[in-house]
Amino acid sequence: MLKKIVFFYGPKYNFKRHLPKNRALTTISELAIYSDRKMREHTFKIQSRRSSDGAAAEKQEERLSVPCLVAYSEQYASISESALHSFLSFIDQFEVESLYLQNPPAHLAEQFRNMHSRVRVIKYEYKTLDMDGLKRINREYPQVIIGQEEVKRRLLTALYPLAANKLAKPLVLLFYGPTGVGKSETARYIGDVVGQRLFRRQFSMFHSNEFAPYLFGGRHTGDSLAKDLMERESSVILFDEFDKPNPLFHSAFYQLFDEGVYEDRNYRAEVKNAVIICTTNYASANEARERLGAPLFARFDAVIGFRPLDDGALGDILKRSCREAVCKLSDGERKIVSEEDLYRSLLPLLYGGDGVRGVKRLVREKISEMLLGDALCR
């Protein structure tokens, strides 16, 4: 008989903190393996008895005692579809005392509706941007993201309602501009300010045939955006290269951007007080509106353009990249590669088309060239 039922919604590391410390824990995967083995043994016994002298039915075995049953998010895939949809019947094969479920699928949680008064629901409290964080961005942004002074102004204006606790929905931002100018790095920096690891999904990695089940949900054994959002550790969310998927999928984001809720056939993720950043390579806000369509474009709280880096910004980025790269070298290597020589040799080679990534690539290649030349001369 279940004495304790806990539903936890949030990341695994925090879920573990809520588990009993001095009790034997059995995972749902272990129980599924045990159940399958017992089923095979039972089938074998029945077949053996039928082929013998017709002995009486075997005595019913005692149910396995499970003091504490735990299910992590990824472990629901270890049980069959039928066991998931009849979860209470599945665990009724055992003497389960306490049950702890991390991010249970919606149709599994629904089976406990008659036990609502006995179910304890715990939701992870995500950190969010506050006014101190906004002041930090105001101080640090020009040094972290070089050459985007106008972005700083627009960004602070967009972030203020969230930091002032005036939003009842996620703050949804669209970044546009050429590659390598600080769009993704800005999202990563905001995550650092909030104090959480950025949740990032690279949309260019998905092709149409695999993106549909990821967005709308397929079999419970597969990956899905809703499941990933439930397991995230951060309130800063980056959808990188948001312009790459087919526009047919845009409707999947309407409710998320409007209300902070994302649902598929298996999961329901709540994304409140979050910053959702979508990056694109569009050249202008007009192009973004035309390509994304008015219904989706209107749901962005701010549309912020990143401009190409000028020579001055590239020079500053080169200087910083040289300093950071040389600091990582050993004492012996720094005798061969000096920060000043590295900077002077690369300054005439700067080209803005590849942005920050191009600068860092030049620095890596030049350091390798200098170290290799020394090694070959020995």
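This is a short tour of a predicted model, moving from the whole chain to a few places worth selecting.

**The whole chain**

Begin with the complete protein chain in cartoon view, where 17 helices and 12 strands can be found. Turned along its principal axes, the C-alpha trace spans about 95 × 60 × 40 Å, and the radius of gyration is 27 Å, whereas a compact globule of 378 residues would have one near 21 Å. If you switch on a surface, its accessible area comes to about 20,000 Å², with 50% of that belonging to carbon and sulfur atoms. Of the 378 residues, 46% count as buried. Among contacts with a separation of 6 or more, 80% are made by residues 24 or more positions apart. Colouring by charge will show 57 positive and 50 negative side chains, and the centres of these two sets lie 4 Å apart.

**Helix α9 and the residue after it**

Next select residues 208-216, which form helix α9, and show the side chains of its buried residues, Phe 211, Tyr 214 and Leu 215. Looking down the axis of α9, you will find these buried residues within an arc of 90°, so they line one face of the helix. An α-helix has 3.6 residues a turn, so residues three or four places apart point the same way. To see what this face meets, add β7 (199-202), α10 (225-231) and β9, against which the buried residues of α9 pack. Then step to Gly 217, which follows α9 and has a positive phi, near 90°.

**Asn 266**

From here, go to the loop between β9 (261-263) and β10 (268-270), and select Asn 266. Is this residue buried or exposed? Asn 266 counts as buried because its relative accessibility is 4%, which falls under the 20% cut-off for that class. Leaving aside residues up to four places away in sequence, display what Asn 266 touches: Pro 105, Ala 106 and His 107, together with Gly 218, Arg 219 and His 220.

**Two loop residues with positive phi**

Move now to the loop between α7 (149-163) and β6 (171-176), where Asn 165 has its place. The phi of Asn 165 is near 60°, a positive value in a residue other than glycine, and Asn 165 is exposed, with a relative accessible area of 64%.

Finish at Glu 241, in the loop between β8 (236-240) and α11 (254-259). Glu 241 is not a glycine, yet its phi is positive, at about 55°.

Conventions: Residues are numbered from 1 along each chain as its sequence is written. This is a predicted model: local features need pLDDT of at least 70, side-chain atom pairs count only at pLDDT 80 or more; totals for chains, interfaces and linings use all residues. Side-chain values use heavy atoms; hydrogens and water are left out. Helices (H or I, at least four residues) and strands (E, at least two) are DSSP runs, numbered from the N terminus. The radius of gyration is taken over C-alpha atoms; the globule rule is 2.2 Å times the number of residues to the power 0.38. Buried means under 20% relative accessible area, exposed over 50%, partly exposed in between (1.4 Å probe, protein chains only). Contact means heavy atoms within 4.5 Å. Accessible areas come from the Shrake-Rupley method with a 1.4 Å probe; for residues, only the protein chains shown count as cover. Lys and Arg count as positive and Asp and Glu as negative; His and the chain ends are not counted. The place of a charge is taken as NZ of Lys, CZ of Arg, CG of Asp or CD of Glu. The arc is that of the directions from the helix axis to the C-beta atoms.
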